[in-house]
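Trainee: Could you take me through one part of this structure slowly, and then show me some of the links elsewhere in the chain? I am new to this, so please explain the terms as you go.

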Amino acid sequence: MTEGLGDVGNDVRLAYQRLGDPDGTPVVLIAGLGQQMHSWPDGLCRLLVERGHSVLRFDNRDVGESTHCTFPPPSPLGFLRKRWHPAQYRLGDMAADTVGLLDALDMDAVHLVGVSMGGMIAQTVAARYPERVASLTSIMSTTGAPRVGRPALSTWRRMFGKPARTRDEHVDAAVRMFRHIGSAGYPFDEAAVRAAAALAWDRDPRPAAGVARQLAGILASGDRTRELGAVTAPTLVLHGDRDRMVAPTGGAVTARAIAGARLHTLTGMGHDLPEGVWPALADLIDDHIRTAATRSTDAPKR
């Protein structure tokens with residue numbers, strides 16, 4: 001494993017880890033809203049490495065050990081009125097961060113795998129930088145289209161709860177949230193959730209402002225359906241049928257927006273990555289990458 005801070009431009013540096021053989025097939029994992037690189041479980045990463053892939057995971061801007069912005073996040077009223085600070089970034093800026101990290105690490109075309117907000121970022125990279133994307137896997141994500149892929153009302157209430165002030169409060173809040181949005185079809189591993197939340201707090205205490213700015217970045221980006229029509233990379237869309245954070249309609253509209261995309265629904269999966277689903281996810285991602293590579297090899301030369 002290697003790790004470091006990559007200068008991606010625009011005064012942003014991203015913390016990253018690279019796992020597996022550097023000569024393996026490059027797979028880039030992009031984390032979701034408020035989530036750090038370790039939200040991609042070590043066990044799932046190992047399964048991808050065992051299948052011959054070189055895995056890169058990283059902290060997006062405003063979380064973990066990556067650059068945090070300094071402008072104030074929107075207030076609850078600002079969210080309701082959709083009034084953003086002049087410095088507010090969008091998903092396109094986070095996509096540029098991702099490509100900047102690829103440049104910093106001398107990585108060319110890669111296989112992108114994004115979860116939730118990370119799926120939105122991966123979709124945007126595929127639409128705007130097609131030459132850098134060998135394949136796209138979008139997990140539990142959506143297009144920003146209105147009235148689809150939205151959180152349940154019960155989830156919205158939890159998202160705008162009082163921010164944690166201590167490590168213990170943060171860990172307890174994570175347990176409550178993942179009990180709510182997690183995969184009802186799999187056992188709930190409270191110890192794993194507590195350990196992950198504690199690690200996240202230790203790397204980035206008091207993360208509320210960064211999470212709010214990231215959420216504003218999603219909302220400020222609006223409906224990206226038309227842009228996704230530009231995606232040419234082979235695309236796999238994965239979604240659980242028990243998702244309370246991004247309703248399964250989000251996966252359906254994503255697959256419809258991208259020509260040739262394939263939608264696969266994972267029974268019992270919610271808005272998390274429980275251990276029981278790792279083998280299926282690793283197989284689906286690996287099969288998609290290998291199929292994309294075969295198509296690329298078989299494509300007629302110009």
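Mentor: Here is a close look at one strand, followed by some side-chain links.

A word on the model before we start: it is predicted, so local features need pLDDT of at least 70 and side-chain atom pairs count only at pLDDT 80 or more, while totals for chains, interfaces and linings use all residues. Residues are numbered from 1 along each chain as its sequence is written, and side-chain values use heavy atoms, with hydrogens and water left out.

Let's begin with strand S4, residues 53-58. Helices (H or I, at least four residues) and strands (E, at least two) are DSSP runs, numbered from the N terminus. In S4, 6 of the 6 residues are buried, so the strand is largely enclosed by the rest of the structure. Here "buried" means under 20% relative accessible area, "exposed" means over 50%, and "partly exposed" is in between (1.4 Å probe, protein chains only). In a regular strand, the side chains alternate between the two faces of the sheet. You can follow this in S4: His53, Val55 and Arg57 point one way, Ser54, Leu56 and Phe58 point the other way, and all are buried.

Next, look at the strands beside S4. Two strands pair if DSSP finds at least two bridges between them. Strand S2 (residues 12-19) pairs with S4 in the antiparallel sense, over 4 bridges, and tyrosine 16 stands opposite phenylalanine 58 of S4. Strand S3 (residues 25-30) also pairs with S4, in the parallel sense and over 5 bridges. Here proline 26 has serine 54 of S4 as its bridge partner. From S3, the chain crosses through helix H1 (residues 42-50) to reach S4, a right-handed β-α-β crossover. Right-handed means that, with the strands pointing away from the viewer, the path from the first strand over the helix to the second runs clockwise.

Now for the salt bridges. A salt bridge is a side-chain nitrogen of Lys or Arg within 4 Å of a carboxyl oxygen of Asp or Glu, and by this rule the count comes to 14. One of them joins glutamate 65 and arginine 203, at 3.5 Å from N to O. Glutamate 65 lies in the loop between S4 and helix H2 (76-81), and arginine 203 in helix H7 (residues 190-203), so the pair ties together parts that are 138 residues apart in sequence. Glutamate 65 is partly exposed, with a relative accessible area of 48%, whereas arginine 203 is buried at 14%.

Another salt bridge is formed by arginine 132 and aspartate 103, whose closest N and O atoms are 2.8 Å apart. This pair also links distant parts of the chain, 29 residues apart: arginine 132 is in the loop between helix H4 (117-128) and strand S6 (133-139), and aspartate 103 is in helix H3 (residues 91-104). Arginine 132 is buried, with a relative accessible area of 10%, while aspartate 103 is partly exposed at 43%.

Finally, find helix H11 (residues 278-298), where aspartate 286 and arginine 290 sit 4 residues apart, about one turn of the helix. Their closest N and O atoms are 3.0 Å apart in a salt bridge. Aspartate 286 is buried, with a relative accessible area of 8%, and arginine 290 is partly exposed at 45%. Elsewhere, Asp172, Arg179, Glu190 and Arg194 are joined into one network by salt bridges that share partners.
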